[in-house]
Amino acid sequence: MSLSRSSAIPRSALTTMAASRRSVLRGMALSGLAVGGANLLAACGGDDAGPASGEGATVKFGINEAEGVGPAHDRLAAMAEAYSKESGTEVSLNAVDHNTFQESINTYLQGTPDDVFTWFAGFRMAQFAENGLITDLSDIWPIDGLNDSFKEASTAPDGKQYFVPVQYYPWAVFYRKSVFEKNGWVAPETNDDFMALMDDMQGKGVTPFAFGDKDGWPAMGTFDILNMRLNGFDFHMSLMAGDEQWDGDEVKLVFDTWRQLLPYHQADPLGRTWQEAATSMGKGECGMYLLGTFVVDALGENGEDLDFFTFPELDSSIGADALDAPIDGFCVAAAGKNQEGGKEMAKWLGTAAAADAANNGADAPFIAANSGASTSTYSDLQKKSAEVVGAAANIAQFMDRDTNADFANTVMIPSIQDFLKNPDDIDGVTASIQEQAASIFG
């Protein structure tokens with residue numbers, strides 16, 4: 001996705017959003033165990049003879065998971081089926097693989113998009129709102145079961161809501177319980193424990209960390225957690241907002257620490273997808289994996305063997321109370337033909353009934369945003385995820401959601417990959433990032 005510099009959210013707005021991020025998911029987790037140019041485009045569906053919703057109506061639903069990829073697609077398809085059954089509206093499902101969806105989203109929204117589509121809270125939602133590419137959903141809020149924290153996460157700098165949250169999940173260090181038990185390993189509580197664990201794994205012929213960055217975005221999670229552990233949450237969010245120097249000592253420390261940790265990771269990560277890396281952990285070839293709880297989707301039967309711990313403290317003055325915990329949900333495309341039908345479906349997708357449809361019979365990492373959703377089918381992994389997010393003092397959304405989308409995609413993905421190719425050129429990488437950041441953020 002690429003946005004012009006003129007469309008970037010003002011730095012002051014980014015900073016305001018960053019400052020409020022610390023309490024958003026904490027409040028949600030504790031309570032739950034998320035018109036720009038739309039008015040000009042909404043009339044596109046005005047000449048349609050059929051009703052907006054109900055019998056005879058069709059709502060087009062674009063999702064970022066291809067058919068056959070596993071639970072992630074199946075959860076969204078189950079929600080679509082449940083809505084169609086309850087409302088009488090036909091739902092036309094357009095399932096696209098995740099990376100293609102992400103890379104094509106800007107063109108998609110400016111062309112002939114589906115009415116409702118999967119997307120994320122954070123700056124990526126806000127940028128689309130500012131550009132008039134998504135519809136103002138303020139009139140469908142409040143939504144029962146979605147508290148003020150979720151409403152805040154759905155609000156753009158103009159004070160209007162453009163998003164309906166459905167789920168959230170933490171990024172953490174995942175491992176197979178049986179592999180740890182077999183080798184006498186336990187989750188580390190300190191950095192010394194962590195280093196000793198990785199050394200022991202290597203001594204037993206196990207690569208400590210599974211690692212795949214072929215798709216570009218997974219390694220962002222490693223940068224995020226190292227930056228929050230070494231420089232703190234406030235610095236991290238200021239950096240994402242363009243208010244700190246990418247070639248400063250703080251960022252160089254992050255890359256240098258990462259460089260020292262790379263020998264504990266799978267080699268050649270740029271040739272490996274996150275699913276392939278997860279499979280390596282599933283086979284016991286790797287001991288751990290830093291990823292979101294969606295990692296379970298790639299593990300099949302081994303998913304029930306999964307547990308996790310949060311990345312340990314690296315600086316006692318900063319602690320380990322910050323983590324990435326992104327919010328997923330839905331937007332209505334401003335250029336969608338069925339605006340009213342899209343809004344009605346989007347509102348329903350935020351309900352407890354929609355969350356229950358997604359969770360029905362699925363041992364999944366889905367943690368419902370709606371506080372009224374049933375937790376009876378939650379796995380131990382889901383319950384622990386909700387508890388960990390609830391206990392965190394500071395929550396980030398993830399690099400490509402916490403910063404300007406153009407910067408994340410066109411600068412940070414290739415820059416991190418350049419670093420992974422040549423981890424000794426930290427000065428070169430950081431200087432290049434700063435030069436480009438200055439151009440984008442001003």
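This report walks through the confidence, core, pocket and a few individual residues of the model shown above.

## Basis and confidence

The structure is a predicted model, in which local features need pLDDT of at least 70 and side-chain atom pairs count only at pLDDT 80 or more, while totals for chains, interfaces and linings use all residues. Numbering starts from 1 along each chain as its sequence is written, and side-chain values use heavy atoms, with hydrogens and water left out.

The score to keep in mind is pLDDT, the predictor's confidence in each residue on a scale from 0 to 100. Its chain average is 87, and 87% of the residues score at least 70. Please read the beginning of the chain with care. Residues 1–12 stay under 50 in pLDDT, and the model gives this stretch 36 contacts beyond four places in sequence. Residues 14–49 also stay under 50, with 94 such contacts. A contact here means heavy atoms within 4.5 Å.

## The nonpolar core

The largest nonpolar core holds 135 residues, of which Phe-117, Phe-223, Trp-246, Trp-258 and Met-288 touch the most other members. Helix α17 (residues 405–421) is the top contributor to this core, giving eight residues. Such a core is a set of buried Ala, Val, Leu, Ile, Met, Phe, Trp, Tyr and Cys residues joined through side-chain atoms within 4.5 Å. Buried means under 20% relative accessible area, exposed means over 50%, and partly exposed lies in between (1.4 Å probe, protein chains only). Helices (H or I, at least four residues) and strands (E, at least two) are DSSP runs numbered from the N terminus.

## The largest pocket

On to the open space in the model. The largest pocket has a volume of about 930 Å³, where volume is the space filled by probe spheres set on grid points that are joined across faces, edges and corners. On a 1 Å grid over the protein atoms alone, a pocket is an open set of points where a 1.4 Å probe fits, with protein on both sides within 12 Å along at least five of seven lines; lining residues have an atom within 4 Å of a point.

The lining counts 43 residues, and Asn-64, Glu-65, His-98, Phe-120 and Trp-217 lie nearest the pocket centre. Elements giving two or more residues to this lining include α4 (98–110), β3 (116–120), β10 (327–332) and α17. Helix α3 supplies the largest share, five residues. By class, the lining has 22 nonpolar, eleven polar and ten charged residues. Nonpolar covers Ala, Val, Leu, Ile, Met, Phe, Trp, Tyr, Cys and Pro, charged covers Asp, Glu, Lys and Arg, and the others, Gly among them, count as polar.

Asn-99 sits in helix α4. This residue is buried, at 18% relative accessible area. Beyond its neighbours within four places in sequence, Asn-99 contacts Asp-215 and Trp-217.

## Backbone details

Three loops deserve a look. Trp-141 and Pro-142 are joined by a cis peptide bond, with omega about 0°, and Pro-142 lies in the loop between α5 (123–130) and α6 (148–153). The other two loops each hold a residue with positive phi that is not a glycine.

| Residue | Phi | Loop | Relative accessibility |
|---|---|---|---|
| Asp-268 | about 55° | between α11 (249–261) and α12 | 62%, exposed |
| Phe-398 | near 120° | between β12 (394–396) and α16 | 4%, buried |

## Links across the sequence

Leu-76 belongs to helix α3 and is buried, with 11% relative accessibility. Its C-alpha is 9.7 Å from that of Ala-355, although 279 residues separate the two in sequence. Past its neighbours within four places, the contacts of Leu-76 include Asn-64, Glu-65, Thr-118 and Phe-330.

Ala-355 is among the buried residues of α14. Six of the eight residues in this helix (residues 352–359) are buried, and what covers them includes α3, α13 (339–349), β11 (367–368) and α15 (380–391).

Ala-52 is in the loop between α2 (38–41) and β1 (58–63), and at 27% relative accessibility Ala-52 is partly exposed. The C-alpha atoms of Ala-52 and Gly-341 are 4.6 Å apart, with their positions 289 residues apart along the chain. Contacts of Ala-52 beyond four places in sequence are Ala-57, Val-59, Asn-338, Glu-340 and Gly-341.
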